[in-house]
Amino acid sequence: FNFSSYFSYVVDLDLSMNGINGITIAAPSTNILSSLNLRNNSIHGSFVASAIRRLQILDVGINSITSVTIGMLSQRCFLTLVADRNHLHGSFPDPGDFPMPHSLRNINISHNSVTAISNRMLRVRSLDVSHNELQELNTSLLPRCIELRAVENNLVALEYTGNLGSMRVAEFSGNHIREYQFGVEHKGPLHFDLSRNLLSGPLELNSSFAGTKQLILDDNALLSVVFSAVSTLHVLSVRHNALSSVSANASEHATHPKNVLLLDSNDLTNFDLDDLSTGGETATRLDLLSLADNSLRSDNVTFARSGGSSWVVQVLNISKNLMEKITWSEFCRTETLDISYNRISDTLILNSSSIKSLRTIYAHHNSITDVAAADSSSDSTMFVENFYLSHNLLDSFKFVKLAHHHVVDLSHNVIRYSQALAVNHHLRILNFSHNFVTAIGSITGRWKHNRLDIDLAYNQLLALG
């Protein structure tokens, strides 16, 4: 492609998704060009853009480029370089091929073969070096960076030698990091991703993470987590590790994350919410607590405070554990509860005074044989809107009054007969499929003016209504 006088007044030029294998730029024809997009072409070897005077944005991603040269004419205005999915290799930037413009703010050189960041980038705010071959990364070369992505490299250690307390995003997942070291005066980034590394042993969440709000540590080999400072964390994810304990340091005023705590797929056998905080009554709320796929048993799990008051856990997931029974009084301030894939058997006893806040219960894939009220004179399920009881051993359905239910799933049980059902306009889905129902009683109520989906497939019906 040859620039000519026809492009003298072009400001933005998009030549992406073509078959261009070379480009010639003449200085007189490019006085006002500020954005050049050559993405997804067939350009090979070195790319030279030294004749473009006012270039601000250059995208040469998805080519076969081995080096990029930006001339001195653009030193004061060049802002963004995108050169991902090319054949860049060795150190970046190479002073011979790419004199670093002082104005450069954003760099994306992901999916190349870069082995080192060699020059100081004083004004770079965003750097993406993911999917390269970096073995070390000196963060002091990036004093003003607020977004750093180094996913899927060969980093073995992480050391903050520069002040990155103002960083918003730091992603280092998919490396070989075994240890990290922060200076006392430094703070972690707001979003910090160290998942899929080789971190092991105990993890102490101390003042080094004072500025971090989201910390992702999934798929490592951590053995324990200790909260030892007043946490600024909103989200902590430590899934797919080898955790055997999670606790707070009793000697300090330590608190758990403010919103979300994900501890799925670990080796937890005991769990007590009181162990997560020494911060008093002010630290008693979680929006989401997930303990799925551990080895928790009913006798070794406590969700009530030692003083008798209850924690506020809006969504609680304890699926895929070894729970044999449920103490409903501990969930009186929970809205969504997932107890699926456990060992709950016999009768699931509901206490209407203890489940007033519960709106959705996932209890599928257990061995529940019956659902009953603690007080037979009360309608213990009147507050539950969505009830998922599929894949159990229920042989009948006795909820005569479905006052506030939206979804009732009783599929894949051994129900043989259902008595008359009185429903109202809230009910949307009633699933009796894959049972042995031979007859179902009449369905009455105000549902006739609203859509109600009833699934009775794969039964042995002989009579309806």
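Begin by selecting D59, which in this predicted model sits in strand β4, the run covering residues 57-59. With its relative accessibility at 14%, D59 counts as buried, because the cut-off for that class is under 20%. Show the side chains of D59 and R39 together, and a polar contact between the two appears at 3.2 Å. If you then expand the selection to whatever D59 touches, leaving aside residues up to four places away in sequence, you should find L36, N37, L38, R39 and V82.

From D59, move to the nonpolar interior. Which residues touch the most other members of the largest nonpolar core? Select F47, L58, F172, L236, L289 and F303, which hold that position within a core of 107 residues. Colouring strand β18, residues 221-227, is a useful next step, since this strand supplies the largest share of the core, namely three residues. As background, nonpolar side chains in soluble globular proteins tend to be buried together.

Next, select H256, which is found in the loop that runs between β20 (245-248) and β21 (260-262). Is H256 buried or exposed? Its relative accessible area is 4%, so H256 is buried. Add F227 to the view and draw the distance between the two C-alpha atoms: H256 and F227 are 29 residues apart along the chain, yet these atoms are separated by 6.6 Å.

The tour then turns to an open sheet of four strands, whose order is β31-β34-β37-β40 and whose pairing is parallel. Select 396-397 for β31 and 463-464 for β40 to see the edge strands, each of which pairs on one side only. In general, the strands of a sheet pair through backbone hydrogen bonds, in either a parallel or an antiparallel manner. Between the edges, select residues 417-418 of β34 with residues 439-440 of β37, where the pairing is parallel and extends over two bridges. For a single bridge within the sheet, pick Y417, whose partner in β37 is A439.

Finish with the cysteines C77 and C145. How many disulfides does the structure hold? The count is zero, a disulfide being a covalent bond between the sulfur atoms of two cysteines. Selecting C77 brings up a residue that counts as partly exposed, because its relative accessibility is 22%. C145, by contrast, has a relative accessibility of 1% and therefore counts as buried.

Key:
Residues are numbered from 1 along each chain as its sequence is written. This is a predicted model: local features need pLDDT of at least 70, side-chain atom pairs count only at pLDDT 80 or more; totals for chains, interfaces and linings use all residues. Side-chain values use heavy atoms; hydrogens and water are left out. Two strands pair if DSSP finds at least two bridges between them. Buried means under 20% relative accessible area, exposed over 50%, partly exposed in between (1.4 Å probe, protein chains only). A polar contact is a pair of N or O atoms within 3.5 Å; within protein, one must be able to donate a hydrogen and the other to accept it, and residues adjacent in sequence count only if both atoms are side-chain atoms. Contact means heavy atoms within 4.5 Å. A nonpolar core is a set of buried Ala, Val, Leu, Ile, Met, Phe, Trp, Tyr and Cys residues joined through side-chain atoms within 4.5 Å. A disulfide is a pair of cysteine sulfur atoms within 2.5 Å.
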